[in-house]
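User: I have a chain here and would like to go through its salt bridges and a few other side chains. Please keep the answers short.

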Amino acid sequence: MIAALDRTPLSRSFFDRPVQEVAPELLGRLLVRTTEAGPVELRLTEVEAYAGATDPGSHAYRGRTARNDVMFGPPGHVYVYFTYGMWHCVNLVCGQDGDPGAVLLRAGEVVRGAELARPRRPAARHDRELAKGPARLATALDIDRALDGADACGPPSAPLRILTGRPVPAGQVRTGPRTGVAGEGGIRPWRYWQAEDRTVSPYRAHAPRRRPRT
């Protein structure tokens, strides 16, 4: 018998730990996005950890900026960034206040509100593809920079919350290099996913962007 999803909110203390500890324990948790149209709920199946000054793959590697300010805490808040001039990606901030770290939410299974997510993701051929990848996840849940800095540990009325859900057993957690990260940061096994889950996105190594010939 499959256990029901636990709707107890995750506490701020859950996130007040090193990002490499928090990331694998986010698998199976329930992300709840509430808009005027209604709620969409997603069970997390793939994440990536990003640290601060010691992590060349992190936005915080070279210090604090206006863009990455939320990464520096407090923990339990939402860090949203805009990439490639077209996509948003959503992260949950971890670690002690002032020590930057965040977990990128890469993929998940929409378990409620698929009727709201489908029009936002018309290219998805199946519901399992609605949030298969970080930009797709943000699009399916209608997440943009307006949510940067939101408190994921907030009250039931908050626009984005993270609940206990059904944690993935340690034996079903897989780990490997982060997708699309170059150099030293690309070899760190800080990508975590649920084994054999069809909502997990495919791994892609970093591919340098070529400049057009003139």
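User: Which residue forms a salt bridge with Asp127?

Analyst: The model is predicted. Asp127 is partly exposed at 37% relative accessible area, and its partner is partly exposed as well, at 39%. The closest N and O atoms of the pair are 2.8 Å apart, which is within the 4 Å limit for a salt bridge. The partner is Arg118.

User: How many residues apart are Asp151 and Arg12, which meet in a salt bridge?

Analyst: The side chains of Asp151 and Arg12 meet at 2.8 Å, N to O. Asp151 sits in the loop between helix H4 (134-140) and strand E7 (160-165), while Arg12 belongs to helix H1 (residues 12-15), so the pair links distant parts of the chain. Asp151 has a relative accessible area of 24% and Arg12 one of 32%. The separation is 139 residues.

User: Is Arg43, which forms a salt bridge with Glu109, buried or exposed?

Analyst: The closest N and O atoms of Arg43 and Glu109 are 2.9 Å apart. Arg43 is in strand E3 (residues 38-50) and Glu109 in strand E6 (residues 102-112), so the salt bridge ties together parts 66 residues apart in sequence. Glu109 is partly exposed at 31%. Arg43 has a relative accessibility of 9%, under the 20% cut-off, and therefore counts as buried.

User: How many salt bridges does a search of the whole structure find?

Analyst: Some of the residues involved form a network: Glu46, Glu48, Arg106 and Arg191 are linked by salt bridges. Other pairs include Arg43 with Glu109 and Asp127 with Arg118. The search of the whole structure finds a total of 15.

User: Which residues is Thr179 in contact with, leaving aside its neighbours within four places in sequence?

Analyst: Thr179 lies in the loop between strand E8 (173-176) and strand E9 (191-194). Its relative accessible area is 16%, so Thr179 is buried. Three of its contacts, Glu48, Arg106 and Arg191, are also in the salt-bridge network. The contacts are Glu48, Arg106, Arg191, Pro202, Tyr203 and Arg204.

User: What is the area of the nonpolar surface patch that includes Trp87?

Analyst: Trp87 is placed in strand E5 (residues 87-93). Its relative accessible area is 39%, so Trp87 is partly exposed and passes the 30% threshold for a patch residue. Tyr84, Met86 and Trp87 make the patch, and its area is about 380 Å².

Terms used: Residues numbered from 1 in each chain as written. Predicted model: local features only at pLDDT ≥ 70, side-chain atom pairs only at ≥ 80, totals over all residues. Heavy atoms only, no water. Patch = residues over 30% accessible without salt bridge, like charges linked within 9 Å, V, L, I, M, F, W, Y side chains within 5 Å. Areas by Shrake-Rupley, 256 points an atom, 1.4 Å probe, with all protein chains shown as cover. Helix = DSSP H or I, 4+ residues; strand = E, 2+ residues; numbered from the N terminus. Buried < 20%, exposed > 50% of the residue type's maximum accessible area, 1.4 Å probe, protein only. Contact = heavy atoms within 4.5 Å.
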